[in-house]
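Welcome, and please open your viewer. This tour suggests what to select at each stop and tells you what is there.

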Amino acid sequence: GVDPTPVASIVPGANFDEMIMVKDIPLQSLCEHHLLPFSGKAHVAYIPNKDGRITGLSKIARVVDILSKRPQVQERLTEQISRVVMESVDAKGVGVMIEARHLCVEMRGVKKSGALTVTSAIRGIFYNRSVREEFLDLLNRHRLRDRDHHRHRSRVRSRRQSARSWGRGAASTTARVSPSWAGKYSRTVVPTPSSLATSIVP
């Protein structure tokens, strides 16, 4: 296959040495054991070296794409991504997480639809607890934002459905009122000229 290491070319003059993360990179690959596809998302983070050496953000996504376009197992794919990014930019450390669904789990054997496989690989400074916690915090912050957004959309959808249901109920209640019933309890008052004159003159 294609060697992905040269793909992650260096961007000169960035002078940045904090954590960089590219999240939710879509990936599709083929399980080499059962020749069935698996798909999901990759999250890749790294901390540049002291000289601030970084690579283009699209290059990280391309590394994921190249490595996944061959028969794979998710565990090895996770390790390969972390190794390539580490070696390409000579990073202080790299953290990679992949979340994927495997058709070999959902279509055959136990047939557990919706099962999610999560793998991670860390290198260098990511073995430091505080750095690892920052990595996980960025991932969880993203998930909490998505969860809150989903809950807000669910509440808005529920209110709209309730409003539509109330409107239909009110309309059906009005339709059930017969003209004879309405006429029995209603009265129309037509003013006469004399009554108008009496109401005008003090």
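**A walk through the chain**

Begin with the whole chain in view: among contacts with a separation of 6 or more, 69% join residues 24 or more positions apart. Keep in mind as you look around that this is a predicted model.

Now colour by secondary structure. You should find 6 helices and 7 strands, and following the sequence gives the pattern β-β-β-β-α-β-α-β-α-β-α-α-α. Switch on the surface next: its accessible area is about 13200 Å², with 56% belonging to carbon and sulfur atoms. Of the 202 residues in the chain, 30% are buried.

**Stop one: helix α2**

Select residues 74-89, which form helix α2. These 16 residues reach 23 Å from the first C-alpha to the last, close to the 22 Å expected at 1.5 Å a residue. Which residues of α2 are buried? Among them are Leu77, Ile81, Val84, Val85, Met86 and Val89, and the buried list also includes Gln74, Thr78, Gln80, Ser82 and Ser88. Step just past the helix to Asp90, where phi is positive, at about 50 degrees.

**Stop two: the cores**

Stay with Ile81 and add Val44, Tyr46 and Ile98 to your selection: these have the most contacts inside the largest nonpolar core, a set of 27 residues. At least two residues each come from β2 (20-31), β3 (37-47), α1 (57-68), α2 and β6 (93-102). Helix α2 gives the largest share, 6 residues. In general, nonpolar side chains in soluble globular proteins tend to be buried together.

Centre the view on Val44. What does Val44 touch, leaving aside its neighbours within four places in sequence? Its contacts are Ile20, Met21, Val22, Ile25, Ile60, Val64, Ile81, Val85, Gly95 and Val96. Apart from this core lies another, of 8 residues, including Met19, Ile47, Val131 and Leu139.

**Stop three: two rings**

For the last stop, select Phe126 and Phe135. The structure holds 1 aromatic pair, and here it is: the centres of the Phe126 and Phe135 rings are 5.7 Å apart. Why is the pair called edge-to-face? The ring planes stand at 75 degrees, and an angle over 60 counts as edge-to-face, so the pair earns that description.

Are these two residues buried or exposed? Phe126 is buried, with a relative accessible area of 0%. Phe135 is buried too, at 2%, because the cut-off for buried is under 20%.

Notes. Residues are numbered from 1 along each chain as its sequence is written. This is a predicted model: local features need pLDDT of at least 70, side-chain atom pairs count only at pLDDT 80 or more; totals for chains, interfaces and linings use all residues. Side-chain values use heavy atoms; hydrogens and water are left out. Helices (H or I, at least four residues) and strands (E, at least two) are DSSP runs, numbered from the N terminus. Buried means under 20% relative accessible area, exposed over 50%, partly exposed in between (1.4 Å probe, protein chains only). Contact means heavy atoms within 4.5 Å. Accessible areas come from the Shrake-Rupley method with a 1.4 Å probe; for residues, only the protein chains shown count as cover. The expected span of a helix is 1.5 Å times one less than its number of residues. A nonpolar core is a set of buried Ala, Val, Leu, Ile, Met, Phe, Trp, Tyr and Cys residues joined through side-chain atoms within 4.5 Å. Rings of Phe, Tyr and Trp (its six-membered ring) pair if their centres lie within 6.5 Å; planes under 30 degrees apart count as stacked, over 60 as edge-to-face and the rest as tilted.
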